[in-house]
Amino acid sequence: MAHYLLSVVTPTEGEPPSEDEMNVIMGNVAKLQSDMQEAGVWVFSGGLEAPDTATVLRRSGDDVLVTDGPFVELKEYVGGLTIIDAPDLDAALHWGRRSTEAIGLAIEVRPFHWAP
Amino acid sequence: MSEPLSSVTITRIVTEEYGRCVATLTRVLGDIDLAEDAVQDALTVALTRWPADGVPPNPGGWIVTTARRRALDRLRRDAVGRDKEARAFREEQPQDEPDEAEEGGPVHDDRLRMIFTCCHPALALPARVALTLRLLGGLETPEIARAFLVPEATMAQRIVRAKNKIRAARIPYRVPHDADLPDRVPGVLAVVYLVFTEGHATATRDDLAAEAIRLGRLLAELMPDEPEVLGLLALMLLTEARRPARTAADGSRVLLADQDRARWDAELVAEGLALVRRCLRRDAPGPYQLQAAINAVHASAPDTAATDWAQIVALHDQLLALAPSPTVALNRAVALAETEGPAAALIIVEELAERLDRYHLLHAVRADLLGRLGRDDEARDALDAALARTDDPDDRALLTARRRRG
């Protein structure tokens, strides 16, 4: 088994979903998470606040600098993530496909180099 | 036990056995790079032993056994390799038999696993092509780079990155389940057909076309129940059969209508036609089968005039229904000119003009139809438009000659 990160690729521009649409998405996501748990692959999921809530810490000599805002401004950001533990890429892609169908946004599937 | 040994013999054996050996060792060792290194090691041993001892009766088996021993020696010296060593030991018995229980399906040739790994949809098309030629075709990286007109370093990097992704992302080394085959087989066929068309576009790269046909034959042997696999092989054979007639004595290209059909390779035509008949019996048409059938109609006609154009139009209609594309519609118009006349065909071509404006053949076809309708000035303008849209010397020579005649 190997860990994979499923990130939700969220566009910075564009209309956010309406409340009704959001309710549908949250329902889909809850269903998907319980399916992942049932399949024994689910490790963690969460939705992230917008990038402008971020704080960046950077080492500078012996000091650590604190800056307000995201590390880089991008056209897309990680809006949420799921970590799964799956036997191989085909299995991970199956859950990635389910995720993009549930949320309606692109999903990036990326293997972990190491995980506890 | 031995056959006369020459470097030609060894090269032939290496080409024939390379893909099979790397595929088997990849399953045994669980890693493509380890498998390739082990096979390289074994070939080095072969080059020193065989000239004295003769070629063993089963050279492939000999290479696999030697390569596995070499790989184990290597792994024993490498602490990181403990896990893989254990796996390789485990698999030493039984000899080279694929693990049926693990697959939950029929026993598969390791090369079929390798094809599906190399052509995995998570890899970009150029990477799939490079990996397939390297690992199944046994082509060296510089050869692949030359064939695709890419710097050697770029091609090497492409292959390294793809192999790294297979390892890091755990792209599985297995044949997909039957239910997933319809999704996965077209991706494999696209790779083989791309290699073929690259080889066919330029006369100097006919080795690529030969390699594609070799891969096509392998696929047909490994997946005899997939009609599109047979269709692709038939399409390649029937196209390749025309190669001797495609080039005139002065090296210029000859169009289908002007080819001396006596120069077509009769053996390839016969093999292609037999495959098309096998496909027809299956009655599960797909894009490659339909293109093969179109070529079969051409191959069955003694000349252009005697061609069953109505059949060709009907096959294009089927192809358009399955895989709509403006270039297929253009080819259909060419056939329609023979059944309904140039005026009817011209109407269709004009409808395609906007979408295919950048495609030189649209203008070349338009020029031909206008010429047949006696609209010579417009035909000349269309030829100029075609010339302005291609840099290919063969295309330009044909168009310039027509312009002069016109």
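Let's start in chain B of this predicted model, where an unreviewed UniProt entry places the annotation "domain: RNA polymerase sigma-70 region" on residues 15–78. That stretch of chain B is 86% helix and 0% strand, and the C-alpha atoms at its two ends lie 30 Å apart.

From there, turn to the place where the two chains meet. On the chain A side, 9 residues are in contact with chain B, and they touch 9 residues of that partner. Putting chain A and chain B together buries about 690 Å², with carbon and sulfur atoms giving 51% of that area. Within chain A, the residues that lose the most area to chain B are A:D88, A:L89 and A:D90; together they make up 58% of what the chain A side buries.

One of these residues, A:D90, also has a charged partner across the interface: its side chain forms a salt bridge with that of B:R184, at 3.9 Å from N to O. The rule finds 3 salt bridges between chain A and chain B. As for polar contacts between the two chains, the count is 4 residue pairs, with both residues at pLDDT 80 or more.

Which elements of chain A give two or more residues to the side that touches chain B? They are β1 (2–11) and α2 (89–103). The largest share comes from α2(A), with 3 residues. Sorted by class, the side of chain A that touches chain B has 7 nonpolar residues, 2 charged ones and no polar ones.

Terms used:
Residues are numbered from 1 along each chain as its sequence is written. Chains are lettered from A and ligands numbered from 1 in the order in which they are written. Side-chain values use heavy atoms; hydrogens and water are left out. Contact means heavy atoms within 4.5 Å. Buried area is the accessible area (1.4 Å probe) that two parts lose on being put together, summed over both. A salt bridge is a side-chain nitrogen of Lys or Arg within 4 Å of a carboxyl oxygen of Asp or Glu. A polar contact is a pair of N or O atoms within 3.5 Å; within protein, one must be able to donate a hydrogen and the other to accept it, and residues adjacent in sequence count only if both atoms are side-chain atoms. Helices (H or I, at least four residues) and strands (E, at least two) are DSSP runs, numbered from the N terminus. Ala, Val, Leu, Ile, Met, Phe, Trp, Tyr, Cys and Pro count as nonpolar, Asp, Glu, Lys and Arg as charged, and the others, Gly among them, as polar. UniProt positions are given in the numbering used here, feature names are shortened, and annotations may be inferred rather than shown by experiment.
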